[in-house]
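Colleague: Before I look at this predicted model, I should like to understand how its descriptive terms are justified. May I ask about them one by one?

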Amino acid sequence: MSEKHLVYCRIERDGAVLLIRRAQGVFLAGRWELPGGGIEPGERAEQAAVREVAEETGLAVEVTGERSAHSWMDVAGRPLRIHARVFDVSESGRGAVTLNPAEHDDHAWCTAEQAVALDLAEHFRGALR
């Protein structure tokens, strides 16, 4: 069985956390998530987290700690185990969110209460608390 390692970042501003929505035409389109993605060969998880945030949002961040870790079987039924780590990060300044339209089509700053109505995986909901 193969394994895939993902990293995500919890970016907080004024009591709300940044969520981004997967664009139409990509896997899990329309679902909301924290900024993040896959770890490249030879890359440390923290490096991947910083890189993914920059690629997906245009924001510069620094990892301050690990919030949680989760594992599950691939939702598409492939023989693949997914491992995801969620990091707390701090912003280097307060830049504007600039999405990569090939991956995401919207963003929102949400509290846990505001995110209740969003299509959001449970491990992302846990990171909002």
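Colleague: Why is Phe-124 called buried?

Modeller: Phe-124 has a relative accessible area of 4%. The word buried applies under 20%, and therefore Phe-124 qualifies as buried.

Colleague: What makes Tyr-8 buried or exposed?

Modeller: The relative accessibility of Tyr-8 is 8%. Since the limit for buried is under 20%, Tyr-8 counts as buried.

Colleague: How many aromatic pairs does a search of the whole structure find?

Modeller: The search finds 1 aromatic pair. Tyr-8 and Phe-124 form this pair, with 4.8 Å from centre to centre and 80° between the planes.

Colleague: Why are Tyr-8 and Phe-124 called an aromatic pair, and why edge-to-face?

Modeller: Ring centres must lie within 6.5 Å to pair, and planes over 60 degrees apart count as edge-to-face. With 4.8 Å and 80°, Tyr-8 and Phe-124 therefore satisfy both conditions.

Colleague: How do you know that the pair links distant parts of the chain?

Modeller: Tyr-8 belongs to strand S1 (residues 2-10) and Phe-124 to helix H2, and the two are 116 residues apart.

Colleague: Helix H2 covers residues 122-128 and also holds Arg-125. Why is Arg-125 said to have no salt bridge?

Modeller: The nearest side chain of opposite charge to Arg-125 is Glu-122, at 4.2 Å. A salt bridge requires a nitrogen and an oxygen within 4 Å, so Arg-125 has none, although Arg-125 is buried.

Colleague: Which residues does Arg-125 touch, not counting those up to four places away in sequence?

Modeller: Arg-125 touches Ala-115, Val-116, Leu-118 and Leu-120.

Colleague: What makes S1 and S5 paired strands?

Modeller: Strands pair if there are at least two bridges between them. S1 and S5 (residues 36-38) are joined by 3 bridges, so they pair, and they run antiparallel. Among the bridge partners in S5 are Gly-36 for Tyr-8 and Gly-38 for Leu-6.

Colleague: How do S1 and S7 pair?

Modeller: S1 and S7 (residues 80-91) pair in the parallel sense over 9 bridges. One of the partners in S7 is Leu-80, which bridges to Ser-2.

Colleague: Why is the pairing in the sheet called mixed?

Modeller: The open sheet of 4 strands has the order S5-S1-S7-S6. S1 runs antiparallel to S5 and parallel to S7, and the pairing is accordingly mixed.

Colleague: What makes S5 and S6 the edge strands?

Modeller: S5 and S6 (61-73) each pair on one side only. From one strand to the next, the twist averages 20°.

Terms used:
Residues are numbered from 1 along each chain as its sequence is written. This is a predicted model: local features need pLDDT of at least 70, side-chain atom pairs count only at pLDDT 80 or more; totals for chains, interfaces and linings use all residues. Side-chain values use heavy atoms; hydrogens and water are left out. Buried means under 20% relative accessible area, exposed over 50%, partly exposed in between (1.4 Å probe, protein chains only). Lys and Arg count as positive and Asp and Glu as negative; His and the chain ends are not counted. Contact means heavy atoms within 4.5 Å. Rings of Phe, Tyr and Trp (its six-membered ring) pair if their centres lie within 6.5 Å; planes under 30 degrees apart count as stacked, over 60 as edge-to-face and the rest as tilted. Axes are lines fitted to C-alpha atoms, for helices over the stretch in contact, and angles run from 0 to 180 degrees between N-to-C directions.
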